[in-house]
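Here's a set of exercises to work through with the coordinates loaded in your viewer. Try each one yourself before reading the solution.

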Amino acid sequence: MNYNSKVIVEKSRLEGVVKISGAKNSSLRLLAASLLTEETVELSNFPNGLLDVKIHLDMLEVLGKKYEAKGDYVKITEVAGNSITTLKWDERSIRNTLLILGALTARFGEGRVPLPGGCKLGERKYDLHVMLLERLGAKVWEEDDYLCAKSDGRLVGTDIFLSMRSTGATENAIICGSLAKGTTTVWNPHIRPEILDLIDMLRKMGAKIEVFGQKCIQITGCENLVGVKHSVIPDNMEALTWAIGSVITGGDVEILDFPYEHLEIPLVYLRESGMKLYRGDNSLLVRGGNAYPVEISTGPYPGINSDMQPIIAVYGAMCQGESKIVDLRFPGRYGYAEELAKMGMKYDVQGDLLVIHGGKQLEGARVKALDLRAGIALLLAGMTATGQTIIESAWQIGRGYEHLESKLEGLGVKIKVDDNI
């Protein structure tokens, strides 16, 4: 799926078996952490097929790494004598460059990366990343559309107080602290599966990290980290997507490698809202069910992640009755609702609350994937709609769903990827 791709989907019923790929959000963090060592890093259950992953691997090559990718495995090595600290990158960027900056500064004492999204510092919330790098002894500034950091020798461990439970800032503090001199304590961290996966890999590399729940994380820095072999956790967003898709299409899907322990609270809501699910040893069987109205608010893990709310909104659109969603983390993140409205979904926004008036049959339309999660929500909606749904900017979905076309076809979905419509 390339940047010109459009997806055509028709009314379908999900039926069959599907295996969850490695987590996108975890994989990108692990790739950033691979910059902390000159030794070999090997990752299995790795989603090489994701667009964002391919971009990150190419970024590593610019920074003096080499990689061999095959199937769900990647091996990352480093060019001898490498000391590249500037990420020269003119193609589409990803927000993970902030973690790349942290890793470069921690290892080499300096780093330069393109501003994420090409935005200026005041237009996106980089403040926590800037704060933590400065707290650790680095100077941070903007220069020619680059975000730059430099320290006088090694970073120095300190107390880092996060004003909000930020996933990215927590990860960057852990990455930087792993090579900092002394102890770094991250207060008010965001503890979630992807962060624990990062910690697990860094521990294997020699980092000394202790987690005290949502209270704090303590990192005792090392002078060097070693190579590692690590298996990526399954993607909980993909798992939830197939589960919800099974219900709204009246399907029958067995989801292999389902990370049940990472989705316990969302599944409580969905089970009480009509999802029929059966837990196996290493899978979840979702035998359709009848979607009933849902009322959710997003929040830090283990609650409902903000990324989940667009697909839960589609679930609500299938219900007879009124569903309510409030995104406490990113208020007003409801742009996808305007696209779903083109398919017939009725909704209104009351302050920070999205109210969905469900039960209306959706109709195929030409819509646009505004971002990754909006895109997969439109795809799910298209499976329930009469006629054809054409999704523009479908490359957004390919950022987070590996082998999407083949997996959907394996589940009986009528789908076509086309570059010329």
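**Exercise 1.** Which residues line the second largest cavity?

Solution. Keep in mind that we're working on a predicted model.

- Step 1: Run the search over the whole structure, and you get two cavities of 30 Å³ or more.
- Step 2: Pick the second largest cavity, which holds about 50 Å³ of space.
- Step 3: List its lining: A23, K24, N25, E194, D235, N236, M237 and R373.
- Step 4: Map the lining onto elements, and α1 (24–33) and α7 (236–248) each turn out to supply at least two residues.
- Step 5: Sort the lining by class, which gives two nonpolar, two polar and four charged residues.

**Exercise 2.** Find the volume of the largest cavity, list its lining and sort that lining by class.

Solution.

- Step 1: The volume comes out at about 60 Å³ for the largest cavity.
- Step 2: Its walls are made by R192, P193, E194, N236, H262, P266, Y301, G303, N305 and M308.
- Step 3: Four of these lining residues are nonpolar, four are polar and two are charged.
- Step 4: Check the two linings against each other: E194 and N236 line the largest cavity, and E194 and N236 also turn up in the lining of the second largest cavity.

**Exercise 3.** Now go for open space: describe the second largest pocket.

Solution.

- Step 1: Its volume is about 260 Å³.
- Step 2: It has 17 lining residues, and those closest to the pocket's centre are V247, I248, T249, M318 and T384.
- Step 3: Two elements, α7 and α11, give two or more residues to this lining.
- Step 4: By class, the pocket is lined by seven nonpolar, eight polar and two charged residues.

**Exercise 4.** Test α11 against the span expected for a helix, then see how it is covered and capped.

Solution.

- Step 1: With 13 residues at 1.5 Å each, α11 should span 18 Å, and its end C-alpha atoms sit 19 Å apart, so the two agree.
- Step 2: Count the buried residues: 13 of 13, so α11 is mostly covered.
- Step 3: Look at the N-terminal end, where D371 acts as a cap, with a side-chain oxygen 3.2 Å from the backbone nitrogen of R373.
- Step 4: Zoom in on one residue of this helix (372–384), L380. L380 has 1% relative accessibility, so it counts as buried.
- Step 5: Skip neighbours within four places in sequence, and L380 is in contact with T241, I244, G245, I248, I311 and V314.
- Step 6: For a long-range pair, take L380 and S12: they're 368 residues apart along the chain, yet their C-alpha atoms are separated by 9.6 Å.

**Exercise 5.** Do the span check for α3 and α6, and say which of their residues are buried.

Solution.

- Step 1: For α3 (97–108), twelve residues at 1.5 Å each should span 16 Å, and the end C-alpha atoms are 16 Å apart, which agrees.
- Step 2: Ten of the twelve residues of α3 are buried, so the helix is largely enclosed by the rest of the structure. They are T97, L98, L99, I100, L101, G102, A103, L104, T105 and A106.
- Step 3: α6 (193–204) also has twelve residues, and reaches 17 Å from first C-alpha to last, close to the expected 16 Å.
- Step 4: The buried residues in α6 are P193, E194, I195, D197, L198, I199, M201 and L202.
- Step 5: Step just past each helix and read off phi. G109, just after α3, has a positive phi of about 85 degrees, while G206, just after α6, has a positive phi of about 110 degrees.

**Exercise 6.** Is T298 buried or exposed, and what does its side chain reach?

Solution.

- Step 1: Locate T298 in the loop between β17 (295–297) and α9 (309–317).
- Step 2: Its relative accessible area is 3%, which is under the 20% cut-off, so T298 is buried.
- Step 3: The T298 side chain reaches the backbone nitrogen of L328 at 3.2 Å.
- Step 4: Leaving out neighbours within four places in sequence, T298 is in contact with I304, N305, S306, Q309, V326, D327, L328 and R329.

How values were computed
Residues numbered from 1 in each chain as written. Predicted model: local features only at pLDDT ≥ 70, side-chain atom pairs only at ≥ 80, totals over all residues. Heavy atoms only, no water. Helix = DSSP H or I, 4+ residues; strand = E, 2+ residues; numbered from the N terminus. Buried < 20%, exposed > 50% of the residue type's maximum accessible area, 1.4 Å probe, protein only. Polar contact = N/O pair within 3.5 Å; in protein donor to acceptor, adjacent residues only side chain to side chain. Contact = heavy atoms within 4.5 Å. Expected span 1.5 Å × (residues − 1). 1 Å grid on protein atoms, 1.4 Å probe; cavity = no way out; pocket = protein on both sides within 12 Å on 5 of 7 lines; lining within 4 Å. Points joined across faces, edges and corners; volume = space filled by probe spheres on them. Nonpolar A, V, L, I, M, F, W, Y, C, P; charged D, E, K, R; others polar.
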